[in-house]
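Reader: I should like to learn how to read a structural model, feature by feature. Might we take each term with its cut-offs and then its case here?

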Amino acid sequence: QLTPDILATGRGYRPPQERSELDRWVLSELNRTAAAVVERMDKYDNFNACERLIGFVDALSNWYVRRSRDRFWSNVHDGEKSDAYWTLYECLLTTAKLIAPMVPFLAEELWQNLAVAAFRNYTGGGQPLESVHLCDYPASNAGQIDEALSARMSLVREIVSMGLSARMGAKLKVRQPLSGVEVILADRTHQAWLQDHADLICGELNVKKVDFAERADRYITYTVLPDLKRLGPRLGKRLPTVKKLLGEADGGKLLAELESKGKVTFALPDGPVALDSEDIQVRLQAKEGWAAAQGKACVVVLSTELTSDLIREGTAREVARAVNDRRKDMNCQFTDRVDIAVVTDSEALRSAIGQFLDYIKSETLALSIGFEPIVGAEPAEVKIGDEAVQLFMNIRG
């Protein structure tokens, strides 16, 4: 943790350029956000300034913090752990200043907890200002902005978001491993970087491999559906021409243009026609054995074929989830080691636990996993897949 003496003396602090790629990315986003917020507020565009802040907070909490959990929880107090704390602290402190005009009381609460309270009993000097509202408004540090890294990470996040959307559409739980994902990029500028970060995509989507394909028509089809009742009165005699153009159009490009621009435009001899998402619907349909979703920059296609090994691995992940839920119910400390027993008549469940025993142990800090009740431990009735089981747990400390 960043104690007052560490904050005041900067012990363990490393310049952003020496930190990990993830740290540099979120600091780049922080400074891009500060620049955008100042620009928009100078134009009295407070709504879009707030939208930009909301986007940054979402990226900070749902990507940076989540992707950094292993560093925060690490028992090794090395540079990586220190970098994670310093980076998060800088982001939160600057965010408190950025949001101060919009949500003054929340900003003050954050400032008091992050700055004032941290130094309350510190006698070494260098005390922070008593209120966030006495601080200068943050200015962007252009030296910490990396536009290429921001674009690349945005693309990764879109791939992951579309992959999760495809999973949801196919009703496949995130804990169920899949054999692979195919990514079709609209612009292949960053493909080499994405290939170098394939493990990140695999981990987020819980797939075994990532491939980059050039064409999506092997996996998906598009159906373009114009709203004739809406378009007829508006277009009149031009409607047959527009219907013909829609029938000949590339559905993927239409969908991408609708999502990026909010409309598609056709040039007719008597003038252009602009159609929005209420005028036409472009439906993406994955072919058998696949689940797909399309974003602004990519199409993501998941293989939905489940082998027996994948099913057993998914079951093991459900076991780990059930055990960790039980750990929370029993108020276990993060470092507490436990003994586990899963009492069930299901041979399939026993087989899955046996095959992925080491994985379950590592995910739950279990010292042992058995199938007989643990004497003195209170059983909990839990559901793993379709199986109702009794879960016993003994805390070793």
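Author: Let us begin with D339, whose place is in strand 9 (residues 338–343). Helices (H or I, at least four residues) and strands (E, at least two) are DSSP runs, numbered from the N terminus. This is a predicted model, in which local features need pLDDT of at least 70 and side-chain atom pairs count only at pLDDT 80 or more, while totals for chains, interfaces and linings use all residues. Residues are numbered from 1 along each chain as its sequence is written, and side-chain values use heavy atoms, with hydrogens and water left out.

Reader: Is D339 buried or exposed?

Author: Buried means under 20% relative accessible area, exposed over 50%, and partly exposed in between (1.4 Å probe, protein chains only). D339 has a relative accessible area of 8%, so D339 is buried.

Reader: Which side chain does D339 join in a polar contact?

Author: A polar contact is a pair of N or O atoms within 3.5 Å; within protein, one must be able to donate a hydrogen and the other to accept it, and residues adjacent in sequence count only if both atoms are side-chain atoms. The side chain of D339 makes such a contact, of 2.6 Å, with that of R396. Contact without that qualification means heavy atoms within 4.5 Å. Leaving aside neighbours within four places in sequence, D339 has contacts with L367, S368, I374, F392, M393, N394 and R396.

Reader: How should nonpolar residues be read, and which residues touch the most other members of the largest nonpolar core?

Author: In soluble globular proteins, nonpolar side chains tend to be buried together. A nonpolar core is a set of buried Ala, Val, Leu, Ile, Met, Phe, Trp, Tyr and Cys residues joined through side-chain atoms within 4.5 Å. The largest one here has 65 residues, and W25, Y64 and I159 touch the most other members. Apart from that core lies another, of 20 residues, including V319, V342, A366 and V382. Beyond its neighbours within four places in sequence, W25 is in contact with A59, W63, Y64, L149, S150, M153 and R157.

Reader: Where does S28 lie, and which residues does it touch?

Author: S28 belongs to helix 2 (residues 21–42). Its relative accessible area is 0%, so S28 counts as buried. Not counting residues up to four places away in sequence, S28 touches Q144, I145, D146 and S150.

Reader: What does helix 12 pack against?

Author: An α-helix has 3.6 residues a turn, so residues three or four places apart point the same way. In helix 12 (residues 251–261), the buried residues are G251, G252, L254, L255, A256 and L258. These buried residues pack against helix 11 (239–248) and five strands: strand 3 (220–226), strand 4 (263–268), strand 5 (271–276), strand 6 (280–286) and strand 7 (290–294).

Reader: What is found at the start of helix 12, and what follows the helix?

Author: At the start, a side-chain oxygen of D250 comes to within 2.8 Å of the backbone nitrogen of G252. After the helix comes G262, with a positive phi near 85 degrees.

Reader: How is a positive phi to be read in a residue other than glycine, and what is the phi of N206?

Author: Most residues other than glycine have a negative phi, and most peptide bonds are trans. N206 has a positive phi, near 55 degrees. N206 is in the loop between helix 9 (198–205) and strand 2 (210–213), and it is buried because its relative accessibility is 9%. L365 also has a positive phi near 55 degrees. L365 sits in the loop between helix 15 (357–364) and strand 10 (366–370), and with a relative accessible area of 19% L365 is buried.

Reader: Which residues does G314 touch?

Author: G314 is part of helix 13 (residues 308–329) and is buried, with a relative accessible area of 4%. Not counting residues up to four places away in sequence, G314 touches R175, Q176 and P177.

Reader: Is D196 buried or exposed?

Author: D196 lies in helix 8 (residues 191–196). Its relative accessible area is 66%, so D196 is exposed.

Reader: How many helices and strands are there in the protein?

Author: There are 15 helices and twelve strands. Of the 397 residues, 43% count as buried.
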